[in-house]
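What holds charged side chains in place beside one another, and where along the chain do such pairs sit? The paragraphs below take up these points one pair at a time.

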Amino acid sequence: MKVSQFTREFIRRNDISFVGMRNTALSLLPKDKTVLDGLYNDLRRGTDILDDETHLNMYLRSFGQMHKAKLDAAFSCLPDIQKIFSDNLEIYDWGCGQGTATICLLDYLNKKGVSYSISQINLIEPSIQASTRAEEVISCFDNSIKIKIYKRLQKTDRGALRGLLIFHV
């Protein structure tokens, strides 16, 4: 798989964490404030579908710290996380963007020393550029996890889900 400039830089920096991901994004952004202001306005307060590396980087600059803080607060409320994540779990990351929720989850589990057993991560995201980045970065955390990308919600056979432990982020 050919990896993006972002992922090459992320790996080179050797800080496989959400903070490392955000710092990589910051390093690849232009320095000119006028250009940064224009990029920020393009984001439409984080609601636009992002389809290029520069806007993905700007999103992490503008909203990354806020997302990490709210996700860490939510994850800290989970009871017995070791038990939850040790049972061959499947994750669904709805509107995953560049995988912020899943990456923050993996980062949180690693920082807490939680051994996890995740069989598959399902990324649902209309932006190919964003979901590709999510897949590349998640693979840096753990390349043994199977990752599937969906551009939109697929019909699911409910019978196929029986017996699976599923975590939605």
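A residue is called buried when its relative accessible area is under 20%, exposed when that area is over 50%, and partly exposed in between. By that rule Asp72, with a relative accessible area of 21%, is partly exposed, while Lys68, at 15%, counts as buried. The model is a predicted one, and every value given here is computed from it.

Asp72 and Lys68 are a good place to begin. Their side chains meet in a salt bridge, with N and O 2.8 Å apart. Both residues belong to helix α4, and they are four residues apart, about one turn of the helix. The pair does not stand alone: Lys68, Asp72, Asp107 and Lys111 are linked in a network of salt bridges. In general, side chains of opposite charge can pair when their charged atoms come close. Across the whole structure, a search finds seven salt bridges.

Helix α1, which covers residues 5–13, holds another pair with this spacing: Glu9 and Arg13 are four residues apart, about one turn of the helix. The closest N and O atoms of their salt bridge are 3.0 Å apart. Are the two partners buried or partly exposed? Glu9 has a relative accessible area of 16% and is therefore buried, whereas Arg13, at 34%, is partly exposed.

A further salt bridge joins two helices. Arg133 and Glu53 meet through their side chains, at 2.6 Å from N to O. Arg133 lies in helix α7 (residues 128–141) and Glu53 in helix α4 (residues 53–75), so this pair ties together parts that are 80 residues apart in sequence. Arg133 has a relative accessibility of 1% and counts as buried. Glu53, at 22%, counts as partly exposed. Helix α4 thus contains Glu53, the partner of Arg133, as well as Asp72 and Lys68.

Helix α3 offers a contact of another kind. This helix spans residues 33–42, and at its start a side-chain oxygen of Asp32 reaches to within 3.0 Å of the backbone nitrogen of Thr34. After α3 comes Arg44, which has a positive phi, near 55°.

To return to the charged pairs, Glu9 and Arg13 share helix α1, and Asp72 and Lys68 share helix α4. Arg133 and Glu53, by contrast, come from helices α7 and α4.

Terms used: Residues are numbered from 1 along each chain as its sequence is written. This is a predicted model: local features need pLDDT of at least 70, side-chain atom pairs count only at pLDDT 80 or more; totals for chains, interfaces and linings use all residues. Side-chain values use heavy atoms; hydrogens and water are left out. A salt bridge is a side-chain nitrogen of Lys or Arg within 4 Å of a carboxyl oxygen of Asp or Glu. Buried means under 20% relative accessible area, exposed over 50%, partly exposed in between (1.4 Å probe, protein chains only). A polar contact is a pair of N or O atoms within 3.5 Å; within protein, one must be able to donate a hydrogen and the other to accept it, and residues adjacent in sequence count only if both atoms are side-chain atoms.
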